[in-house]
Amino acid sequence: MRGWLYYRLSRDEDEELNSLTNQRSIIAGYAEKNGFTIAGESFDDNVSGMHFDRDGIEKICEAVEQNQIDAVIVKDLSRLGRHRTQTAVFIDYLKKHDVRVISVTENIDTSNENDDLVIGMKQIINDMYAKDASRKIRSTYRQKQKEGIVIIPPFGYFKDKNTRQVVIVEEAADTVRLIFKLYLDGYGFKQIAKKLNADGVHTPAYYQQTLLGKNVPHTWPQISKQQLWISTTIKRILENEFYAGTLICHKTRTDKINKTFRFIPPEEQYRHENAVPAIIDRETWQQAQFLLQKRVKDRVRAAPGQKIHRYTGIIECADCHSVCTARTRKLPQGGRRVEYICNTYHRYGKEYCTTHLIREEVCPSRFRGQ
């Protein structure tokens, strides 16, 4: 009889009781005692049993399809899975291929029809256990959000595990300040990313590994794992009000069991002002948000390799309300000057509007804060 050993450990379980080593020892001992030839084995570490998208399960399926095994041996049925319907479907799949599931500590064998009722009850209990644990974790997490406790601070900050204080990492904070400055100076997301990469500026992935000793999440783009800046990272930093000292919690809700995700309306979110030391002053933050919204609305773009002029998309013609466009003029005495003129006049001529020319050097005093 060819047996396959499978063992699993999830994050919220007692590692001493259900350690992978302990599980393997139990099921390997059972296989040896009952005359099974171990055809292979697989395991999943720190993985929930509420879904079957697991590497260890994939290996079982490969062995089943190749007719290499007669039985899957587990410590108990919860190791195979906790979701009652998905577990039942998987067991049926194995039965169709004449592969039985043996639960060692529960003395259950799926090839025995007398065990069907017990298996059904076990599946319900395992399912309820997982959902109850999920509710408790979610409730604890929600309470921390209400109290304004920072769980994981963003790039530029570090949370001390002992004092639980959130402090600024100056080297990373300088990068955040530079990103805001470059954006306000007219650089786009891609331009900022290229400049940071060219200057060898450390990325969030670098600090994740060196400061926290953690690998970057598997959900990050591959290029981020190579410690390169990308436009998405720049955009998220510019949009994150945490850098102005404000903590906003409960912005999204994810149900990992049912695999659902939704955004929470602003009025239902938890907002905590002055919760952490600010890296960016409030005025700089507001200017960046104004530009982000305005440039998206007006679809402001720059030519390849060129900056977005500082006030592009911000200044409007007082007569026709068209957005003013920037142009660079060469001066007779040398040098260049940036001027803004009415876009209607620029495109259609004086029959429709006038130039309304404004020099860039006078814009700050006249348009700051608009």
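Of the contacts in the chain with a separation of 6 or more, 61% are made by residues 24 or more positions apart. The model is a predicted one, and its chain has 370 residues, of which 40% are buried. Along this chain there are 14 helices and 14 strands.

The five-stranded sheet is a suitable place to begin. Its strands follow the order 2-1-3-4-5, and the sheet is open, with mixed pairing. Strand 2, covering residues 37-45, and strand 5, covering residues 108-109, are the edge strands, each paired on one side only. In general, the strands of a sheet pair through backbone hydrogen bonds, and the pairing is either parallel or antiparallel.

Strand 3 can be followed residue by residue. Strand 1 and strand 3 run parallel and are joined by three bridges; across this pairing, Leu5 stands opposite Ile73 of strand 3. Strand 3, here residues 71-74, also runs parallel to strand 4, residues 100-103, and four bridges join the two. In this second pairing, Ala71 has Arg100 of strand 4 as its bridge partner, while Val74 stands opposite Ser103 of strand 4. The side chains of strand 3 point in two directions: Ala71 and Ile73 go one way, Val72 and Val74 go the other way, and all of these residues are buried.

Helix 2, residues 20-33, lies across strand 1 (2-9), strand 2, strand 3 and strand 4 of this sheet. Relative to strand 1, the helix runs at about 160 degrees.

The packing of helices against one another comes next. Two packed helices are described by the angle between their axes and by the distance between those axes. Helix 3, residues 55-65, packs against helix 5 at an angle of about 20 degrees, and their axes are 10 Å apart. Helix 3 is therefore roughly parallel to helix 5, since an angle under 35 degrees counts as roughly parallel. The crossing of these two helices is left-handed. Helix 3 contributes Ile57, Ile60, Cys61, Val64 and Glu65 to the contact, and these meet Phe90, Tyr93 and Leu94 in helix 5.

Helix 5, residues 84-96, also packs against helix 6, residues 116-147. Here the angle is about 140 degrees and the axes are 9 Å apart. This makes helix 5 and helix 6 oblique to each other, because roughly antiparallel requires an angle over 145 degrees. Helix 5 passes helix 6 in a right-handed crossing. On the side of helix 5 the residues in contact are Arg84, Thr87, Ala88, Ile91 and Lys95; they meet Asp116, Ile119, Gln123, Ile124, Asp127 and Lys131 of helix 6.

Another sheet involves strands 12, 13 and 14. This sheet is open, its strands follow the order 12-13-14, and its pairing is antiparallel. The edge strands, each paired on one side only, are strand 12 (324-330) and strand 14 (358-359). Seven bridges join strand 12 to strand 13, residues 336-342, and the two strands run antiparallel. Within this pairing, the bridge partner of Cys324 is Cys342 in strand 13.

Salt bridges form the last topic. A search of the whole structure finds 18 of them. In one, Lys75 is joined to Asp76, and the closest N and O atoms are 3.3 Å apart. Are the two partners buried or exposed? Lys75 has a relative accessibility of 11% and therefore counts as buried, and Asp76, at 9%, counts as buried as well; the cut-off for this class is under 20%.

A further salt bridge brings together the side chains of Lys195 and Asp199, with an N to O distance of 3.5 Å. Lys195 is partly exposed, its relative accessible area being 31%.

Glu273 and Arg271 also form a salt bridge, with their closest N and O atoms 2.6 Å apart. Glu273 counts as partly exposed at 44% relative accessibility, and Arg271 is likewise partly exposed, with a relative accessible area of 44%. Which residues are joined with these two into one network by salt bridges that share partners? The network consists of Glu241, Arg271, Glu273 and Arg282.

Note on methods
Residues are numbered from 1 along each chain as its sequence is written. This is a predicted model: local features need pLDDT of at least 70, side-chain atom pairs count only at pLDDT 80 or more; totals for chains, interfaces and linings use all residues. Side-chain values use heavy atoms; hydrogens and water are left out. Two strands pair if DSSP finds at least two bridges between them. Contact means heavy atoms within 4.5 Å. Axes are lines fitted to C-alpha atoms, for helices over the stretch in contact, and angles run from 0 to 180 degrees between N-to-C directions. A salt bridge is a side-chain nitrogen of Lys or Arg within 4 Å of a carboxyl oxygen of Asp or Glu. Buried means under 20% relative accessible area, exposed over 50%, partly exposed in between (1.4 Å probe, protein chains only). Angles under 35 degrees count as roughly parallel, over 145 as roughly antiparallel, 65 to 115 as roughly perpendicular and the rest as oblique. A crossing is left-handed if the near helix is turned anticlockwise from the far one by less than a right angle, and right-handed if clockwise.
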